[in-house]
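Student: Could you take me through one part of this structure slowly? I'd like a close look at a single helix, please.

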Amino acid sequence: MTDILLRTGSLSFAYPERTGLFRRKAPRDVVKRVDLAVPRGSVLGLVGESGSGKTTLGRLLVRLLRPTSGGIQFDGIEIGGLAEAAMRPLRARIQMIFQDPQSSLNPRLRLGVTLTRPLQVHGRLQQRRDRRDRAASLLDLVGLPAGLIDRYPHELSGGQRQRAGIARALALEPDFIVADEIVSGLDVSTQAHILLLLRELRARLGLTMVFISHDLSVVRVLCDDVAILQHGEVVEYGPVARIFSAPQHAYTRQLLAAIPLPDVEPGWLDDSSPIVPSLQQGSAA
Amino acid sequence: MTTTLSVQDLHVSIGKGAHSANVLRGVSLELGPGEVRGLVGESGAGKSMLGRAVLGLLPANATIAAGRIAFEGRDLIAMPEPERRRLFGRRIALIPQDPMTSLNPVKRVGAQIAILLRHHLGLSKRDALARAAELLSEVAIRDPRRVLDLYPHEISGGMRQRVLIAMAFACDPSLVIADEPTTALDVTVQRQVLQLVERLRQRHGAAVLFVTHDLGVVAKICRTMTVLHAGRVLEEGETVDVLAKPRHPYTRALLAATPRADRPAEALRPVPPALIDSLWAEAHRLDRLSAMAPS
């Protein structure tokens, strides 16, 4: 039997009913009855377009949001309804890496401080000297020179900042990481480096990951399984090789067909090619 | 036939004196009538700066140090301001990157298109609105009359981008600068937007300079391409040749570093940092040379 680190059962989330001065907004289902099972040491790709609920699902998995219904089991513990105090000891084991490292690194703190702040919060730093050693080894882990310890975020390049974001998530030696669109703002040359770094870290540290992306090509590089989300529902879920070679759901096929591969292909722009129905007439964003 | 756009040995720098930095280091490119050329590069390559230079929209602290930009044989840099103003928006148009911030949030869609038509083509208010509705149906917006009365926040991102495309082609320009127009869009929407740009280009006969970082987008919509790095042209040619047989190591490295949905993970090769370092070293060597040369 495979060892499942994270499992969700009929996980759902709805933004609560809003009552405004002029109108009442019905609760909106953003994530609908999602069943996932992430084996220990594997990477699951969550793919969807804007509004598919992929980010909300990611935030549920790390319990930044509380599910409306359904459950989340982390290492055998039901965390879906856990109160914050009970959740706290688990926080160190579950980390999230955000899309925009620029806004998730404190601009007023030197990198060394940012990297070791989680250790301090969780009471894992005894001495001042420890801090510099730990920060240096974290930088080394993500392929950054130790000399960056005393630098501020604005002194780093985009790729370096994203590496720093990864290093901070790794500070507490988590078992499980949710990475939300972490390569989408990067240049191609930087992106490939970050993807290969994540692959290497996963092999070295035995990390279990959920990798959220709108880009199927990127997912193929890193993930073992893929779940395709549309309007908050998982429409297709399976091993990466199968999804790419034999997509079952029409939406998955549309997504794959829409990716412009860097090959000249006359006819790709022809009107006869399928136009996705949901785009025919957009509603308010 | 005259060349639609001709850029020759264009040098642009930002800042003054000791603090100035070169962003374009002698860029040349040509665009024939109806040609779609991809201008490809990563951040800092100067691709948007080139598009802005052509549009006369360089930031205030930027200087054109040398070079020539000619539109249909006329020198754009030396041209008097009133004459340039008559060209921009009418003969030379822009499809901007960000559909969220490029429309006026407090004006209805119809009014924003109409003001363009009234200003450049001298249409009456009624004619301008009728033409605006036609333009919206050209970009596959159903029920255009209803959309004319909406505010930008009431329509989706993909639809806003289609409105901007309609505006770019509104006055039958002969040159359109498309500055990463699909970067913010989902792939399925991106495909539709690219289809529309191609359809309108054919109908209106415009040449398009398509600024992008995405080699996939270039492959699908551009007949020719120019690869830019550190403000220098590293390679240019027919897209089909450049992608199949890239001559410059940087182009080859970019292709190898682009994840592909049709290939397994093992095929991915990141760009060697030493290559990037040597390209920047070469760019800075050129800077020193031109600083020493008598002006």
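Tutor: Sure! Let's start with a term we'll need: a residue counts as buried if 20 or more other C-beta atoms lie within 10 Å of its own. Keep in mind that this is a predicted model.

Our part is helix α3 of chain B, residues 109-121. Let's check its length. At 1.5 Å a residue, its 13 residues should span 18 Å, because the expected span is 1.5 Å times one less than the number of residues. In the model, the end C-alpha atoms of α3(B) are 18 Å apart, so that agrees.

Now, which residues of α3(B) are buried? They are B:Val109, B:Gly110, B:Ile113, B:Ala114, B:Leu116 and B:Leu117. Look at the spacing of those numbers, and remember a handy rule: an α-helix has 3.6 residues a turn, so residues three or four places apart point the same way. Looking down the axis of α3(B), you'd find its buried residues within an arc of 155°, so they line one face of the helix.

And what covers the buried residues of α3(B)? Among the elements doing that are α4 (125-138), α5 (144-148) and α6 (157-168), which also belong to chain B.

Finally, have a look at what comes right after the helix: α3(B) is followed by B:Gly122, and the phi of B:Gly122 is positive, near 65°.

To zoom out for a moment, chain B has a partner: 42 residues of chain B are in contact with 39 residues of chain A. On the chain A side, α7(A) gives the most, with 6 residues.

Note on methods. Residues numbered from 1 in each chain as written. Chains lettered and ligands numbered in written order. Predicted model: local features only at pLDDT ≥ 70, side-chain atom pairs only at ≥ 80, totals over all residues. Contact = placed C-beta atoms within 7 Å. Helix = DSSP H or I, 4+ residues; strand = E, 2+ residues; numbered from the N terminus. Buried ≥ 20, exposed ≤ 12 C-beta atoms within 10 Å, placed from the backbone. Arc of directions from axis to C-beta.
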